[in-house]
Amino acid sequence: MRLEAKHQTALDALDGVLQSAQEPSLGLLTKIVTGGGCTRIPLLAKAGLVDQLIEFAKIGAWTEAAFALIALELPLWRVRRLVYEDGEWLCSLSHQPNLPMVFDDCAEATHEVLPMAMLCAFVEACRRRDAMQESVSSVPHIQPWPEQIICCENYR
């Protein structure tokens with residue numbers, strides 16, 4: 001199994017756990033950080049930049065913890081929209097928040113609890129981030145040379 005497929009499977013499993021959870025917990029946050037959703041957090045933790053996220057989680061400030069998680073792990077993504085409608089929260093995360101909503105391809109998720117909707121949208125944004133990284137090649141594409149090279153210099 002390829003590494004990308006394993007990572008995708010881990011994100012799918014994490015999404016299932018988040019959808020079935022009723023409320024956030026320290027155990028759930030640990031699963032998100034260690035279960036394939038986060039690639040930057042372990043490195044940032046060594047530098048001591050994750051302390052605020054941990055403090056928010058310990059005191060039960062889960063909305064702030066979700067904002068901190070998004071800011072640390074997905075620095076190029078922004079919360080675009082938080083809407084409460086028909087008993088559910090909708091969270092939209094955007095990689096290009098300056099685009100009109102019609103053209104923006106947001107990572108969206110819904111849940112009855114606001115921080116859970118944010119965490120579900122976070123997992124979807126991680127999935128899209130990984131898909132973008134896979135599709136962008138670091139090697140430039142070069143057109144092949146034609147079989148016959150013609151020199152068109154103009155001599156006088």
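Reader: Is Val102 buried or exposed?
Author: Happy to start there, with the note that this is a predicted model. Val102 sits in the loop between strand E2 (88-94) and strand E3 (107-111). A residue needs over 50% relative accessible area to pass the cut-off. Because Val102 has 73% relative accessibility, it counts as exposed.

Reader: Which residues form a nonpolar patch on the surface?
Author: Val102, in the loop between E2 and E3, is a good place to look. The patch has about 340 Å² of accessible area in total, and Val102 belongs to it. Its members are Leu99, Val102 and Phe103.

Reader: What should helix H5 span, at 1.5 Å a residue?
Author: Helix H5 covers residues 62-73, which makes 12 residues. The expected span is 1.5 Å times one less than that number. The end C-alpha atoms of H5 lie 16 Å apart, and this agrees with the expected 16 Å.

Reader: Which residues of H5 are buried?
Author: Here the cut-off is under 20% relative accessible area. In general, residues three or four places apart on an α-helix point the same way, because there are 3.6 residues a turn. For H5, the buried residues are Trp62, Ala65, Ala66, Ala68, Leu69, Ile70, Leu72 and Glu73.

Reader: In what order do the elements of the chain run?
Author: The chain has 6 helices and 3 strands to place. Reading from the N terminus, the order is α-α-α-α-α-β-β-β-α.

Reader: How much of the area that the chain exposes do carbon and sulfur atoms supply?
Author: Of the 156 residues, 35% count as buried. The chain exposes about 10,400 Å². The share from carbon and sulfur atoms is 57%.

Conventions. Residues are numbered from 1 along each chain as its sequence is written. This is a predicted model: local features need pLDDT of at least 70, side-chain atom pairs count only at pLDDT 80 or more; totals for chains, interfaces and linings use all residues. Side-chain values use heavy atoms; hydrogens and water are left out. Helices (H or I, at least four residues) and strands (E, at least two) are DSSP runs, numbered from the N terminus. Buried means under 20% relative accessible area, exposed over 50%, partly exposed in between (1.4 Å probe, protein chains only). Accessible areas come from the Shrake-Rupley method with a 1.4 Å probe; for residues, only the protein chains shown count as cover. Patches are made of residues with over 30% relative accessible area and no salt bridge: like charges are joined within 9 Å, nonpolar side chains (Val, Leu, Ile, Met, Phe, Trp, Tyr) within 5 Å. A salt bridge is a side-chain nitrogen of Lys or Arg within 4 Å of a carboxyl oxygen of Asp or Glu.
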